[in-house]
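Please work through the exercises below with the sequence and the model open side by side. Each task is followed by a solution that proceeds step by step.

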Amino acid sequence: MPRDVSKFGSAMAKKRKKQSSQQLKVPVEFYQFVPKTGFEPGKKEEKILHSCLADIYSTTMKELEKIASLGKGEKRNVSLRIRDSLGEYDPKITHGVRIYDRRMVNTTWKIISVEPDLENNDFIKIIASEEVR
């Protein structure tokens, strides 16, 4: 017996937007600070870990609730979606990300959450918060 989709509302009838690599348009770099060799204490240098293209989008309400529960919503937040590199690079919350977009010039971001994209296993979702200098 076929189901009547109309009684389930429009949510079931809608198709999810399929994420593709065509939407990955913004260049990003992931980095980590490592101790600098030498005698001067406290000096650190930036080590580039990975660079790729990302889909940058506004943080959703669900993600904002997660940020609030972590207690890390200090400044602006941004969400990124990158292609899973299958072990070549795994983002960690100790890493930073630099987004090369004209709206985010001279801004560095600290990763606060990394999780697999459950809608599409080819991608990783990252939530980053603006780093205070």
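**Exercise 1. Find the aromatic pairs in this predicted model, and classify each by the angle between its ring planes.**

Solution. A search of the whole structure of this predicted model returns two aromatic pairs. Take Phe30 and Tyr89 to begin with: their ring centres lie 5.2 Å apart and their planes meet at 35°, so this pair is tilted, given that planes under 30 degrees apart would count as stacked and planes over 60 as edge-to-face. Next, place the two residues along the chain: Phe30 belongs to strand β1 (residues 26–35), while Tyr89 sits in the loop between β3 (77–83) and β4 (96–99), so the pair ties together parts that are 59 residues apart in sequence. Both Phe30 and Tyr89 are buried. The other pair is formed by Tyr31 and Phe33, whose ring centres are 5.6 Å apart and whose planes stand at 80°, so the arrangement is edge-to-face.

**Exercise 2. Are Tyr31 and Phe33 buried, partly exposed or exposed, and which residue lies over the face of Tyr31?**

Solution. Begin with the accessibility of each residue. Tyr31 has a relative accessible area of 2% and is therefore buried, because the cut-off for that class is under 20%. Phe33, at 44% relative accessibility, counts as partly exposed. Then look at the ring of Tyr31: Arg98 lies over its face, at 4.9 Å from the ring centre.

**Exercise 3. Trace the order of the strands in the barrel, and describe the pairings made by β6.**

Solution. The six strands form a closed barrel in the order β1-β2-β3-β6-β5-β4, with antiparallel pairing, and the twist from one strand to the next averages 45°. In this order β6 stands between β3 and β5. On the β3 side, seven bridges join the two antiparallel strands, and Ile82 has Ile124 in β6 as its bridge partner. On the other side, seven bridges likewise join β6 to strand β5 (residues 108–116), again antiparallel, with Val114 standing opposite Ile126 in β6. β5 and β6 form a hairpin, with six residues between them. As for exposure, strand β6 (residues 123–130) is mostly covered, since seven of its eight residues are buried.

**Exercise 4. Which strand is joined to β3 by four bridges, and which helix packs on the sheet?**

Solution. Strand β2 (residues 44–57) runs antiparallel to β3 and is joined to it by four bridges; in one of these pairings, Tyr57 has Ser79 in β3 as its partner. Helix α2 (residues 61–70) packs on the sheet, where it touches β2, β3, β5 and β6, and its direction makes about 110° with that of β5.

**Exercise 5. Is Arg81 buried or exposed, and with which side chain does it make a polar contact?**

Solution. Arg81 is found in strand β3. Its relative accessible area is 12%, so Arg81 is buried. The side chain of Arg81 is joined to that of Asp117 by a polar contact of 3.0 Å.

**Exercise 6. What is the sign of phi at Leu86, and where does this residue lie?**

Solution. Most residues other than glycine have a negative phi. Leu86, although not a glycine, has a positive phi of about 55°. Leu86 lies in the loop between β3 and β4, and its relative accessible area of 75% means that it is exposed.

How values were computed
Residues numbered from 1 in each chain as written. Predicted model: local features only at pLDDT ≥ 70, side-chain atom pairs only at ≥ 80, totals over all residues. Heavy atoms only, no water. Phe/Tyr/Trp six-rings, centres within 6.5 Å; stacked < 30°, edge-to-face > 60°. Buried < 20%, exposed > 50% of the residue type's maximum accessible area, 1.4 Å probe, protein only. Lys NZ or Arg CZ within 6 Å of the ring centre and 35° of its normal. Pairing = 2+ DSSP bridges. Polar contact = N/O pair within 3.5 Å; in protein donor to acceptor, adjacent residues only side chain to side chain. Axes fitted to C-alpha atoms, helices over the stretch in contact; angles between N-to-C directions. Contact = heavy atoms within 4.5 Å.
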